[in-house]
Amino acid sequence: MDRKRILIIGAGHVGFYVAADLGRKLRKEIRRGAVEVVVVDPNQHMTYQPFLPEAAAGHISPRHGVISLRRSLKHCTILAGRVTRIDHADRTVTVQPITGPARKVEYDEIVVAPGSVSRTLPIPGLAENGIGFKTMGEAIYLRNHVLARLDIAASTTDEEVRRRALSFVFVGGGFAGIEALAELEDMVRDTLRYYPELEMEQTRWVLVEASQRILPEVGPDMGVYTVRQLLKRGLDIRLNTLLKSCVDGHVVLSDGTEFESDTIVWTAGVKPNPMLRESDLPTGPKGHVVCVPTLQVATEDGTVVPGAWAAGDGAQVPDLTNPGGYCSPSAQHAVRQAHRLSKNLVAVLRGGQPVEYRHKYAGSVASLGLHKGVAHVYNIKLKGILAWFLHRTYHLSRVPGFGRKTRVVADWTLALLTKREIVQLGELQEPHGPFAEASTGEV
Ligand SMILES: Cc1cc2nc3c(=O)[nH]c(=O)nc-3n(C[C@H](O)[C@H](O)[C@H](O)COP(=O)(O)OP(=O)(O)OC[C@H]3O[C@@H](n4cnc5c(N)ncnc54)[C@H](O)[C@@H]3O)c2cc1C
């Protein structure tokens, strides 16, 4: 029997949902062995990125913000590795497994969904001293790192060391940056109740944003409201400002401000995964895979490339509700595109016609810490606890799997009934230290 292989690159918001949908729609074919769905991702989990700020702040356990591919996609073949090249002319991809030699994998249909990476700039010191906020690893590192700064500040007698430890810089005022900043500031405010040596006023939280507004996702009014709320909390919001340099943690801003900081978080936007350059599929000026609204890969003149599909942050998908524009990189589009893509792929396999993707961006919800939020959805604007509640219920409805939802609700309920977890487990980042010291006889 001739088995058709559908290969999915990336098991994020697009890849995970496409794989799950195909499992339902092609159940019989998969059982018969007529179709195989292969999912390639370096991680063995899907990360629900909108939960990263909550995980960093300790409201949900890191394991509850990710979804196991092997458990949720039992009908798929999971290949742990990174696609390094797509040769669509030969219908093969090159996969670099976790370890060992690279291998070629053939396919009949490909779904390209490797998402995006942080869009960095060649700023002196950034690569060495900055950290992004796109993975669970980064979120938990940041949590441990920020809480560890409190111990450094509380234990030192050196005022410069203390000031540097308590200065936190976030570059980029989109929802990732604002939510990360607001949640971590809120966590530190809560935690300092147990640090009689320190005052909240000694901490410095700086948001650096190149444009003149923040949170464009919730519209101008709600953006202004957010700035006011953050200013009230004592945060230092610098609009129309750039990070010029941060060599050895010496931060220099374009407005002339200079200070030392151990914590520089880079959330200034995303760009398509650079792996897409290693491909013979058509890419646009910014490096996205070019698509037509049916989510089929196409050349610039709209000619469909047979057997190739793409969606999400790495794809240039025309926004039919905004002629001339493209869908923004968001989970809102990614998940909806995934459902449309899987329907279209199955339709085409069965000789049917694909349908165009059309979704008008509904607006956004953002959390600004416990019981604080801002939302602008379907022309309804909400602030404070109502927006925060909407944020939680919306994301709870979106995170995949009943078991995952239950665990997240359990985390939230426990956090409400008991106190927030304030322990930092920085030792997770360097677990070999104590054993190495013991082995060399240094202790
Ligand atoms: C902190 C944060 C908060 C956010 N909050 C919101 C929100 O509230 N609302 C909203 O709409 N959007 C939000 N977003 C944006 C949203 O998460 C993304 O737009 C969405 O995840 C894009 O989906 P994707 O499938 O294209 O990429 P991703 O979900 O990033 O998935 C890409 C997958 O590809 C894998 N991969 C990467 N390279 C390779 C390779 N070479 N080979 C194989 N696999 C590879 C990755 O491991 C990953 O699993 C947020 C993003 C962040 C970072």
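Good morning. I begin with Glu-209, which touches Gly-172, Gly-173, Ile-214, Arg-238, Leu-239, Asn-240 and Thr-241, leaving aside residues up to four places away in sequence. Please keep in mind that we are looking at a predicted model.

Where does Glu-209 sit along the chain? Its place is the loop that lies between strand E12, residues 204-208, and helix H9, residues 219-232. Is this residue buried or exposed? Its relative accessibility is 12%, and because buried means under 20%, Glu-209 counts as buried.

Let me take one of its contacts further. Thr-241 is 32 residues away from Glu-209 in sequence, yet in space the C-alpha atoms of the two are 5.6 Å apart. There is also a partner in the nearby sequence to mention: the side chains of Glu-209 and Ser-211 are joined by a polar contact of 2.7 Å.

I turn now to strand E21, which covers residues 304-310. Five of its seven residues are buried, so the strand is largely enclosed by the rest of the structure.

Which strands pair with E21? One of them is strand E8, residues 109-112, which pairs with E21 in the parallel sense over three bridges. Within this pairing, Ile-110 has Ala-308 of E21 as its bridge partner. Another is strand E20, residues 296-298; here two bridges make the connection, and E20 and E21 run antiparallel. In this second case, Ala-298 has Val-304 of E21 as its bridge partner.

E20 and E21 together form a hairpin, with five residues between the strands. In that hairpin, Gly-302 adopts a positive phi near 90 degrees.

My last topic is a separate set of strands. An open sheet is formed by three strands in the order E14-E15-E16, with antiparallel pairing. Why is one side of E14 and of E16 left without a neighbour in the sheet? Strand E14, 243-245, and strand E16, 258-260, stand at the edges and have a single partner strand each, so one side of each remains without a neighbour there. On average, neighbouring strands of this sheet are turned by 35 degrees against each other, direction ignored.

Within the sheet, strand E15, residues 250-253, is joined to E16 by three bridges, and these two strands run antiparallel. For a single pair to find on the screen, I suggest Val-252, which stands opposite Glu-258 in E16.

To close, I return to two points: Glu-209 is buried, and strand E21 is largely enclosed by the rest of the structure. Thank you.

Definitions and conventions:
Residues numbered from 1 in each chain as written. Predicted model: local features only at pLDDT ≥ 70, side-chain atom pairs only at ≥ 80, totals over all residues. Heavy atoms only, no water. Buried < 20%, exposed > 50% of the residue type's maximum accessible area, 1.4 Å probe, protein only. Helix = DSSP H or I, 4+ residues; strand = E, 2+ residues; numbered from the N terminus. Pairing = 2+ DSSP bridges. Axes fitted to C-alpha atoms, helices over the stretch in contact; angles between N-to-C directions. Contact = heavy atoms within 4.5 Å. Polar contact = N/O pair within 3.5 Å; in protein donor to acceptor, adjacent residues only side chain to side chain.
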